[in-house]
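Colleague: I would like to learn how to read a few overall features of a protein model. Please take them one at a time.

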Amino acid sequence: MTNFKHVPVLLEPVMEYMINGPGLYVDCTTGGAGHSSELLRRNPEAYLLGLDKDMEAIEAAGERLKSEFDGRFRLVHTDFKNVKNAVMQAGLGKPRAILMDLGVSSHQFDTAQRGFSYNEDAPLDMRMDKTQAFSALDVVNGYSEKELERVIREYGEENWAKRIAQFIVERRPINTTFELVEAIKAAIPKGARRDGPHPARRTFMAIRIEVNGELLILEQAVKDAAELLDDGGRLLVITFHSLEDRIVKQTFQKLKNPCTCPPKFPVCVCGKKSLGEIITRKPIVADDEELDENLRSRSAKLRVFERRYT
């Protein structure tokens, strides 16, 4: 696993907000330990609990961290939606910070046989957790035309979702990434293909989100993470998709102001208390230097919430 590539996005702002004194730190999407290794390096009093549902990532992170930080970390093979159980079972106290770096790692994109990339021909897969049975093959070949259209339009925000779904169904069975790319290209009129992202980008992203259930679990996972934090602890979430960012933004607002009383009520009677404050008024994005070095950071947005007990 020594060739596991992981380029951490927004590394400097993540370190600035995440390092928050001695204690437990949780990386819910450890990947190749890009953020985690830098955290342990810069904060000698930090102990890391690293989670990831990709076993290859867990193995690679373990190799990377053991050589320099042996005894200062624990890794668990689990989805970030299970953060509450993972932290409670670890019995290491309340976290000083929790990081969720959503989306796909560089390694997953660059490993052709994982089926995430539209630039490499491979069997349709897109599973972040390879122990999961459900894959892109099931979505592409098993969903009805209406279901495909919904996924592509809702998760990919693709204007040509209806035609793409139609062309996919007409060309079934589709077994490889390049076969899927050809169906997408055929569906989008040449005059509509502007300079910019690959025409298959939105559809591939939509199918990946559907395969891994990425949006369905996000709001609850963010709430669970915020509730786990120590007083003054921080929750950092990096998103790469407008729908992800919207969910995180709205969930942070609910955590800050959970009151459900009608606006006309003079005082709150629902009894719901604020969990803290939103630290980042606007999301933090990559600067020009990072964009030059890592194009995958172009859509990254970081939001930070701070837990407060009083």
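Colleague: How much area does the chain expose, and what share do carbon and sulfur atoms supply?

Modeller: Accessible area is computed by the Shrake-Rupley method with a 1.4 Å probe. Here the chain exposes about 14,900 Å², and 48% of that is supplied by carbon and sulfur atoms. This is a predicted model, in which local features need pLDDT of at least 70 and side-chain atom pairs count only at pLDDT 80 or more, while totals for chains, interfaces and linings use all residues. Residues are numbered from 1 along each chain as its sequence is written, and side-chain values use heavy atoms, with hydrogens and water left out.

Colleague: What percentage of the residues count as buried?

Modeller: Buried means under 20% relative accessible area (1.4 Å probe, protein chains only). Of the 310 residues of the chain, 52% meet that cut-off.

Colleague: Which residues touch the most other members of the largest nonpolar core?

Modeller: In soluble globular proteins, nonpolar side chains tend to be buried together. A nonpolar core is a set of buried Ala, Val, Leu, Ile, Met, Phe, Trp, Tyr and Cys residues joined through side-chain atoms within 4.5 Å. The largest one has 35 residues, and Ile168, Leu180, Phe204 and Ile207 touch the most other members. Helix H10 gives the largest share of this core, six residues; helices are DSSP runs of H or I, at least four residues, numbered from the N terminus.

Colleague: What does Ile168 touch?

Modeller: Leaving aside residues up to four places away in sequence, Ile168 touches Val140, Leu148, Ile152, Ile174, Leu180 and Ala183. Contact means heavy atoms within 4.5 Å. A second, separate core has 28 residues, among them Leu49 and Met100.

Terms used. Buried < 20%, exposed > 50% of the residue type's maximum accessible area, 1.4 Å probe, protein only. Helix = DSSP H or I, 4+ residues; strand = E, 2+ residues; numbered from the N terminus.
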